[in-house]
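Here are a few warm-up exercises to work through with the model open beside you. Try each task before reading its solution.

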Amino acid sequence: MKADLVIIGGGPAGMAAAVSAREAGVKDILILERDEALGGILRQCIHNGFGLHRFGEELTGPEYAARYEEMVKNMGIPYMTGTIVIEINDKKQVTAMSPEKGIFTIDAGAVILAMGCRERPKGALNIAGTRPAGIYTAGTAQKFVNMKGYMPGKKVVILGSGDIGLIMARRMTLEGAEVKAVCELMPYSGGLARNIEQCLNDFNIPLLLSHTVVDIKGKERLEGVTIAKVDENRAPIPGSEQYIECDTLLLSCGLIPENELTRSAGIELDRVTGGAVVNGNRETEIPGIFACGNVLHVHDLVDYVSEEAAIAGQAAAEYLGGNSAAALSIKVKGVSGVRYTVPQIISAAVETKIYFRVGNVMRDKHLVVRDGEREIVKKKKLKLAPAEMETVTLTKEMIEALEHNEITVGIE
């Protein structure tokens, strides 16, 4: 089996990449999606707030996904659902399996990785105590409530203030549960400011910063948790313990890009993002294999996912047309409070938007991009926070004038 372009993942990134590639002239495209329908995680995100940047209006997750699904279908782009990709290699051979076809291999001209991300599981948190029923990741609880019609519990504590956890605090409250607290290990929230306001403050749900769960009680079903304040080293402070009776603990402790396939192909991963190292075209070190969306780095807005996927789709079309030779190799490095940048490499003298996140909450600072000691961009920033993705755009003229093979992005 052959295809010019294989896209792994039929969520917002995969669909946006497919639409972009088709618009750029690629006719032979195949989307592989492991779920029973296109749409990815958006299918269970029934709250609004999607699409303001991309479509200029406020949509729910299913509505946003439906926009792209309609584009995919109207363009006649083939897709296979219920299909799990089990391996890709550096020759761009994709091995997958489905109930209808069994195990099969596709020889691809180019591949776009758009597998999304997953939640950090409870086993990675090392919380003391028993392991009773009633402990869920926030995304699992979201699927139960929004898609299955099940309520996970009635008295809830949420550990972690990621956006899914904040949204589920509101959702559980609206469904009649009592959300007793949202505990956050860090001294700042991991979610967007608008979600703190709309999901917690509007419902008088307390957000306890610098707190974590230190013990779990219950044999068959969760009976309660013990929380404690933590110091600057994130260690529990003796004497600060507080017991909260609850039957449900939701975990919203971070998202991890789904990069097992990327790793198995021998592609270099960024140690901070957990995603592939890419150039401005979102191309990995293996020519013809691209990555975009949450499998590359975790986004806060799906609009940025679609924007980045469009870059990958266009670049894949150029690669298939034989026009993707990288003229440059300029490293982009985050310094002075910037945790990471995407892309990590500038490969062409074209306008390039660099996405980045900071490692702490900062106020009244300047974003500075330097070529050696020379400032090429300096912008005032009133507030920066780890939960909010930031961007800076380098013009074609700026890139053409670079004198070094590395630029830095920092906060001063």
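**Exercise 1: a strand and its neighbours**

Strand β12 (residues 155-159) runs parallel to β18, and four bridges pair the two. Keep in mind that this is a predicted model.

Task: find which residue of β18 is the bridge partner of Val157, then work out what else pairs with β18.

Solution.
- Start at Val157: its bridge partner in β18 is Leu249.
- Next, look at strand β11 (residues 135-137), which also pairs with β18 in the parallel sense, this time over three bridges.
- To fix the register there, take Thr137, which stands opposite Leu251 of β18.
- As background, strands of a sheet pair through backbone hydrogen bonds, either parallel or antiparallel.

**Exercise 2: the faces of β18**

Task: decide which residues of β18 (residues 248-251) are buried on each side.

Solution.
- Use the cut-off first: buried means under 20% relative accessible area.
- On one side sit Thr248 and Leu250, both buried.
- On the other side, Leu249 and Leu251 are buried as well.
- Put together, both faces of β18 are covered.
- Tie this back to the pairing: Leu249 is the partner of Val157, and Leu251 is the residue across from Thr137.

**Exercise 3: an open sheet**

Task: take the open sheet of five strands, give its strand order, and say which strands stand at the edges.

Solution.
- Read off the order: β23-β21-β28-β25-β26, with mixed pairing.
- Now go to the ends: β23 (345-346) and β26 (374-384) each have a single partner strand, so one side of each is left without a neighbour in the sheet.
- Then zoom in on β21 (residues 330-334) and β28 (residues 406-411), which run parallel and are joined by four bridges.
- For a register marker, use Lys331 in that pair: its bridge partner in β28 is Glu406.

**Exercise 4: the whole chain**

Task: say how many helices and strands the protein has, and why it counts as being as compact as a globular protein of its length.

Solution.
- Count the elements: eight helices and 28 strands.
- Compare sizes: the radius of gyration is 22 Å, close to the 22 Å that the globule rule gives for 412 residues, so the protein is as compact as a globular protein of that length.
- Add the extents: the C-alpha trace spans about 65 × 60 × 40 Å along its principal axes.
- Check burial: 52% of the 412 residues count as buried.
- Finish with the contacts: among those between residues at least 6 apart in sequence, 62% join residues at least 24 apart.

How values were computed:
Residues are numbered from 1 along each chain as its sequence is written. This is a predicted model: local features need pLDDT of at least 70, side-chain atom pairs count only at pLDDT 80 or more; totals for chains, interfaces and linings use all residues. Side-chain values use heavy atoms; hydrogens and water are left out. The radius of gyration is taken over C-alpha atoms; the globule rule is 2.2 Å times the number of residues to the power 0.38. Buried means under 20% relative accessible area, exposed over 50%, partly exposed in between (1.4 Å probe, protein chains only). Contact means heavy atoms within 4.5 Å. Two strands pair if DSSP finds at least two bridges between them.
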